Amino acid sequence: MSSDHKTSPLDRRRFLGAAGLAGAGLAAASLPLRAQEAKPDPLITEVQDWNRYLGEGVDKRPYGTPSPFEKHIVRRDVSWLTASPDSSVNFTPLHELDGIITPSGLCFERHHGGIAEIDPANHRLMIHGLVDKPLVFTMEDIRRMPRQNHVHFLECAANSGMEWRGAQLNGCQFTHGMVHNVMYTGVPLRLLLAEAGLKPTAKWLMLEGADSSGMNRSLPVEKALDDVLIAFAMNGEALRPEQGYPLRAVVPGWEGNIWVKWLRRIEAGDKSWQAREETSKYTDLLADGRSRRYTFIMDAKSVVTNPSPQAPLKHKGRNVLSGLAWSGRGTIKRVDVTLDGGKNWQAARIDGPVLEKSLTRFYVDFDWAGQELLIQSRAMDSTGYVQPTKDELRKVRGVNSIYHNNGIQTWQVRPNGETENVEIA
């Protein structure tokens with residue numbers, strides 16, 4: 001792992017004061033972008049190789065790949081984070097992306113027993129338990145049912161979990177990269193349950209995956225009958241193997257661990273199963289030793305992706321600040337941004353589709369004269385919920401948890417443009 005992906009040095013964990021930054025507001029020095037004086041440029045005046053020779057024909061790349069000049073844009077892991085890559089996570093390069101749709105090949109991965117490689121012809125989904133008629137569906141059965149398309153974010157409950165005790169990982173890919181946003185295609189779970197005849201006594205479902213870990217989670221029936229999708233495609237093509245091919249659950253707005261991949265079994269019952277991943281894991285440990293259970297919903301959150309530690313400021317004058325906001329409770333209504341550590345806030349410009357339980361893109365156009373900046377973003381969703389500071393979260397929940405950290409993130413931009421993960425006291 002290269003040095004820029006390692007844990008931050010101790011000075012990165014310090015708590016910075018915002019004193020002396022009043023002049024770093026969004027209305028920073030007005031430095032218009034000046035066009036370069038026209039001069040002969042050999043990249044324009046001379047014939048380049050790509051002008052001179054024929055390129056590859058249409059038969060050379062039957063499945064398209066990114067340009068070799070973009071080969072650095074990849075998912076990355078943190079090797080020391082887990083004991084084994086088979087039960088681990090890698091991270092979406094948020095700082096390299098724009099818009100709201102995550103390319104399928106860059107969606108972060110979280111596995112508990114490695115990737116299950118399944119022939120769809122041999123895959124089955126069984127529904128049983130408190131139902132009138134236990135059923136087994138083939139993939140062909142599911143594909144012949146009424147399907148829907150929805151764009152939703154998927155966020156791991158542990159996203160930003162390393163930041164509970166202070167600034168740790170130096171890059172938004174590592175602090176916030178356990179999230180992606182794609183269009184899913186599939187069949188509403190309520191249709192499958194209707195086929196089986198869900199009994200009135202059924203209050204919970206247990207979803208189980210076909211991977212070697214047998215990953216399973218309990219799901220309330222109310223959510224299952226609302227907006228849960230059993231998906232077989234993402235971004236217009238079949239699910240990728242690392243994303244649950246050939247079948248997965250999509251549970252909009254709820255923590256990613258419930259979105260069971262390689263879905264093979266749904267059991268209906270009258271109480272939750274208290275599975276390993278909802279007792280020893282994915283509960284929020286409080287300061288007094290108690291744990292919050294069933295904290296399914298991912299609350300409103302945002303992050304500035306550019307500038308950020310992996311995408312420092314390189315030019316004085318005109319710049320574009322970009323970021324993402326999302327909420328598991330509805331839509332994003334507003335995002336505020338500060339460049340001076342919270343002394344002054346300005347509403348960001350939201351651009352592109354604003355969809356329910358989906359990533360939302362925001363921008364701020366600003367001038368930079370080379371002064372130090374402390375950049376933050378703060379999201380508000382359609383319920384009126386406002387993204388809290390990290391200190392506000394800690395006052396309620398302590399520092400023992402690693403889950404559901406939606407606190408405001410701070411980046412410090414130094415006069416040379418280098419950007420660092422910090423916190424403000």
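This passage describes one four-stranded sheet of the predicted model and the pairing of its strands. In this model, local features require pLDDT of at least 70 and side-chain atom pairs count only at pLDDT 80 or more, whereas totals for chains, interfaces and linings use all residues. Residues are numbered from 1 along each chain as its sequence is written, and side-chain values use heavy atoms, with hydrogens and water left out.

The sheet is open, and its four strands follow the order β16-β17-β21-β20 with antiparallel pairing. Strands are DSSP runs (E, at least two residues) numbered from the N terminus, and two of them pair if DSSP finds at least two bridges between them. The edges are formed by β16 (301-306) and β20 (349-351), each of which pairs on one side only. On average, neighbouring strands of the sheet are turned by 35° against each other, direction ignored; the axes behind this angle are lines fitted to C-alpha atoms, and angles run from 0 to 180 degrees between N-to-C directions.

Strand β17 (residues 317-326) pairs with β21 (residues 360-368) in the antiparallel sense over nine bridges. Within this pairing, A325 stands opposite T360 in β21, and V320 has D365 of β21 as its bridge partner. Strand β17 also pairs with β16, again in the antiparallel sense, over five bridges; here V303 stands opposite L324 in β17. Strand β17 is mostly covered, as eight of its 10 residues are buried, that is, under 20% relative accessible area (1.4 Å probe, protein chains only).

Terms used:
Buried < 20%, exposed > 50% of the residue type's maximum accessible area, 1.4 Å probe, protein only.
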